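Okay, thanks for making time, everyone. Let me put the structure up, and then I'll talk you through a few parts of it.

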Amino acid sequence: MDWAGFGVDLHLELDASGGRRAGLERALRAAIRDGRLPPSTRLPATRALAAELGLARGTVSAAYDQLVAEGWLVARVGAGTEVSPLRQAGPPAATPTPGPAAPRYDLRPGSPDVGAFPVTAWLRATRRALAVAPASAYGYGDPRGRAELRAALAGYLGRARGVLADPERIVVTSGYVQALVLLTTVLREAGAPTVAMEDPGLPFHREVVRRQGGRVLPLPVDDGGARTDLLGVGELAGVAAAVVTPAHQYPTGVTLRPDRRHALTGWARDAAALVVEDDYDGEFRYDRQPVGAVQGMAPEQVAYVGTAAKTLGPALRLAWLVLPARLVEPVVAAKRHLDVQTEVVGQLALADLITSHGYDRQVRTVRRRYRQRRDLLLDRLAGWAVGGVAAGLHATVALPPGGPTEAEVLAAAAARGLALTGLDAHRHRPGAGPPGLVVGYATPPAHRYPAALDELATVLRTVSRRP
């Protein structure tokens with residue numbers, strides 16, 4: 001109904017489905033919120049507005065009183081009722097900031113093929129798990145995680161990864177990053193925040209440690225994996241922990257040599273230090289059986305971290321720590337004060353998926369698909385030095401000395417709508433090693449993957465022919 005003669009022209013749509021008073025309150029709030037009733041606007045007297053809207057005066061008075069109590073209106077003796085001078089219209093719509101254009105083809109590492117998520121199997125596992133879950137499962141629980149999942153993980157990790165996993169020593173976390181946060185927090189609180197991290201390695205993980213108060217030192221990597229023989233020597237003499245990716249080093253893709261595995265655990269034992277084993281894609285080995293976890297050699301020196309991010313999908317935010325006995329309580333305390341517990345429904349579903357062997361089937365299925373993708377990558381890049389291909393979801397491409405620089409290759413790829421990552425971006429000190437590319441072969445959808453590789457091959461041919 002049109003509202004005029006009171007200093008403003010206003011059209012109020014009264015929805016009386018919840019009562020006339022509530023409808024008037026909603027209409028006035030909306031008019032104030034969107035600026036049709038600006039701050040300090042004087043409202044009509046209750047008698048006048050009641051006559052205009054065909055309402056009882058008591059209804060209007062009650063609506064005014066409610067909005068005064070909420071702060072929308074201000075009532076002054078002898079001056080009537082006004083819109084609160086502090087009440088402003090809603091914020092103007094933010095001007096969208098254009099982000100970078102999505103690439104036509106994405107060959108950056110770090111993500112699995114999310115299209116391979118086992119939707120049907122996950123739905124079945126969720127239904128089965130929820131059908132038998134006790135009511136207590138939906139309340140606050142053990143910060144370590146659901147007992148069902150910890151028991152299932154203990155069996156699976158022992159069988160598939162050679163991990164000595166007691167369910168009482170497993171803590172379920174909201175992804176790998178949270179696991180790293182918890183461990184860094186415990187180290188810092190113990191007064192030992194210096195951590196050795198592989199060089200090259202993932203820059204984001206280094207920043208995670210720094211933001212938790214840790215100091216990061218580079219642990220060099222060569223063809224035999226991390227130089228664990230350097231731990232306890234020189235600059236690395238005082239580190240409290242070493243974060244390593246033994247099964248498939250990220251990003252070079254090499255496997256830690258047996259003698260260096262022994263050197264790693266020996267250093268941790270002698271120095272009372274901690275090894276953090278990031279087993280991010282240990283299930284995906286293509287040419288022989290997966291290499292067992294280092295944790296199985298020294299469970300009291302190694303904190304093992306696994307995740308469902310690569311086998312299922314990053315959206316689940318499910319990872320797990322298998323801890324030395326001395327770290328269980330400190331990590332549980334840190335977890336309790338960080339987020340109390342990891343969400344439960346996903347834990348129950350994953351536990352069912354593991355115990356029903358659906359998880360094993362999923363791993364076998366995607367392992368076969370990723371091997372096919374790896375083989376196609378090797379075929380398309382014949383003649384180039386491609387490394388790290390025995391396992392995982394990415395490979396490295398070495399750029400020849402005197403050839404195109406990383407920057408030239410990345411620029412040429414971007415010009416063709418192809419997203420790539422350079423090896424130099426992973427180094428603690430950029431420019432300190434030979435140039436190369438880190439190519440993820442899991443991300444593009446299956447129907448676009450061959451074309452993505454064709455673009456990559458074209459870019460490499462084009463830049464290599466430049467004078």
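I'll go through a helix, then a sheet, then the cavities. Keep in mind that this is a predicted model.

So, the helix. H1 covers residues 20-33, which is 14 residues. From first C-alpha to last it reaches 20 Å, close to the 20 Å expected at 1.5 Å a residue. Which residues of H1 are buried? They are Gly 23, Leu 24, Glu 25, Ala 27, Leu 28, Arg 29, Ala 31 and Ile 32. Notice that Glu 25 and Arg 29 are on that list. As a reminder, an α-helix has 3.6 residues a turn, so residues three or four places apart point the same way. After H1 comes Gly 35, with a positive phi near 90 degrees.

Next, the sheet. It's an open one with four strands, in the order E14-E15-E18-E17, and the pairing is antiparallel. Strands E14 (386-387) and E17 (421-422) are the edges, each pairing on one side only. In between, E15 (residues 394-398) and E18 (residues 436-440) are joined by five bridges. One to look for on screen: Ala 395 has Val 439 in E18 as its bridge partner.

Last, the cavities. Searching the whole structure turns up four of 30 Å³ or more, and the largest has a volume of about 60 Å³. What lines that one? Among the residues are Tyr 156, Asp 279, Asp 281, Lys 310 and Trp 320. Helix H5 (147-161) and strand E12 (302-307) each supply at least two lining residues, with E12 giving the most, three. By type, the lining splits into five nonpolar, three polar and four charged residues.

Terms used:
Residues are numbered from 1 along each chain as its sequence is written. This is a predicted model: local features need pLDDT of at least 70, side-chain atom pairs count only at pLDDT 80 or more; totals for chains, interfaces and linings use all residues. Side-chain values use heavy atoms; hydrogens and water are left out. The expected span of a helix is 1.5 Å times one less than its number of residues. Buried means under 20% relative accessible area, exposed over 50%, partly exposed in between (1.4 Å probe, protein chains only). Two strands pair if DSSP finds at least two bridges between them. On a 1 Å grid over the protein atoms alone, a cavity is a set of points where a 1.4 Å probe fits but cannot get out, and a pocket is an open set with protein on both sides within 12 Å along at least five of seven lines; lining residues have an atom within 4 Å of a point. Grid points are joined across faces, edges and corners, and a volume is the space filled by probe spheres set on the points. Ala, Val, Leu, Ile, Met, Phe, Trp, Tyr, Cys and Pro count as nonpolar, Asp, Glu, Lys and Arg as charged, and the others, Gly among them, as polar.
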